[in-house]
Amino acid sequence: MLYFFVDFLLSLVLFVLCFLAFSFITLRLLLWGGHTKRELVTVSDQPIQMDPVIAVLIITHPDEECMFFTPTITSFLSCGIKVYVVCLSTGNAYGQGETRKRELILSCNSLGVPASRVYIEDSPKLQDGAEWIPSDCVIAIRKAFRAFGAIPDFLLTLDCVGVSGNMNHKSTYLAVQQLISQQKERTEKFIRGFKLCTVGAIRKHITIVDLWFALIERLFDHVDLLIVGKWENSWTALRQHKSQLVWFRWIYIFVSRYAMVNTLKEL
């Protein structure tokens, strides 16, 4: 009996390893083949407009742009969309705010977003770790729009779970919802909002293999936007955040699906 159990276990492990190897090779060939720009980037049943449009990414702390949104940023840029980044705090929980601001600008620059398109809020009401009121976030986002001199066509942000469950992430999500509602009520420029879908712990840590699950979700219309990027871009951008490169972030960037796969739903 023990022999059959061990034999089954070894066969299962071998199958999993073969599946992972097959997944990595197949999906990497897909990426190398350049089949991500048109085929995998769609919004609902409508292609993203190819006219010059503006997308603003709203993040909570420096480094989220590369830890979570690298595929989205690089894919939008490759489609000719102007990408701006708004960070609602300096990440000053440990007195590193000024350092992290510089690192964010370097990271965005490595992804193709110049410093002139990066806005970092440093409000007493939006400090890292403190409880945020969504209306204060809305004020900060509108300040960023004025600084950019433009109202975006797309707003991108985290969902209510925010990948990690951080309370500031949830406030940011609620703020983006609130801002879009205000735009509609005031009959201002129509903004489409998209939230990054949080996945479970296992899917979060299986890198490009999660694309199989994401493709199934897209097939059944459980997500509106599926974007695939290159791991190297996330790696290069994260390296700019030198103050944050503790051991678990090194591991994260190697195993995270967000470094290569983003799925978003429209708000």
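Which helix is F248 found in? Select F248 and look at the ribbon around it: the answer is helix α10, residues 247-255. Before going further, keep in mind that this is a predicted model.

**Stop 1: the surface around F248**

Keep F248 selected and switch on a surface. F248 is partly exposed, with a relative accessible area of 43%. Now add V246, W247 and I251 to the selection. Together with F248 they make a nonpolar patch on the surface, and the accessible area of the four comes to about 430 Å².

**Stop 2: R249 and D63**

Move one residue along to R249 and bring up its side chain together with that of D63. The two form a salt bridge, with the closest N and O atoms 3.7 Å apart. This pair ties together distant parts of the chain: R249 sits in helix α10, D63 in the loop between β1 and α2, and 186 residues separate them. Are these two residues buried or exposed? Both R249 and D63 are buried.

**Stop 3: zoom out**

Time for the whole chain. Colour by secondary structure and you can count off ten helices and seven strands. Of the 267 residues, 49% are buried. If you like contact maps, take the contacts between residues at least 6 apart in sequence: 82% of them join residues at least 24 apart. For the outside, the accessible surface comes to about 13100 Å², and carbon and sulfur atoms account for 63% of that.

**Stop 4: helix α4**

Select residues 97-111, which is helix α4. Its 15 residues reach 21 Å from the first C-alpha to the last, close to the 21 Å expected at 1.5 Å a residue.

Next, colour the buried residues of α4: G97, R100, E103, L104, S107, C108 and L111. They lie on the same side of the helix, because they cover an arc of only 135° around its axis. An α-helix has 3.6 residues a turn, so residues three or four places apart point the same way. Turn to the other side of α4 and you'll find R102 and N109 exposed.

What do the buried residues of α4 pack against? Show these elements one by one:

- the strands β1 (54-59), β2 (82-87) and β3 (118-120)
- the helices α2 (64-67), α3 (70-78) and α9 (231-238)

While you're here, pick K101 and E98. Their side chains meet in a salt bridge, 3.4 Å from N to O. They are three residues apart in α4, so about one helical turn separates them. K101 is partly exposed at 22% relative accessible area, and E98 also counts as partly exposed, at 48%. Finally, step just past the end of α4 to G112, which takes a positive phi of about 110°.

**Stop 5: two strands and a bridge**

The structure holds eight salt bridges, and another one to visit is E266 with R192. Here the closest N and O atoms are 3.0 Å apart. This pair also links distant parts of the chain: E266 belongs to strand β7 (residues 261-266) and R192 to strand β5 (residues 192-196), 74 residues apart. E266 counts as partly exposed at 28% relative accessibility, while R192 is buried at 18%. The cut-off that matters for R192 is 20%, since buried means under that value.

**Stop 6: a network, and helix α8**

Select R203, D210, E217 and R257 together, and you have a network of salt bridges. E217 leads you into helix α8 (residues 211-219), where L211, A214, E217 and R218 are buried. These four sit on the same side of α8, because their arc around the axis is only 115°. Just after the helix, check the backbone of D221: its phi is positive, about 60°.

**Stop 7: H169**

For the last stop, go to helix α6 (residues 167-185) and select H169. Is H169 buried or exposed? It is buried, with a relative accessible area of 3%. To see what surrounds H169, leave aside its neighbours within four places in sequence and show its contacts: T60, H61, E64, F68, L158, D159, G162 and S164.

Methods
Residues numbered from 1 in each chain as written. Predicted model: local features only at pLDDT ≥ 70, side-chain atom pairs only at ≥ 80, totals over all residues. Heavy atoms only, no water. Expected span 1.5 Å × (residues − 1). Buried < 20%, exposed > 50% of the residue type's maximum accessible area, 1.4 Å probe, protein only. Arc of directions from axis to C-beta. Contact = heavy atoms within 4.5 Å. Areas by Shrake-Rupley, 256 points an atom, 1.4 Å probe, with all protein chains shown as cover. Patch = residues over 30% accessible without salt bridge, like charges linked within 9 Å, V, L, I, M, F, W, Y side chains within 5 Å.
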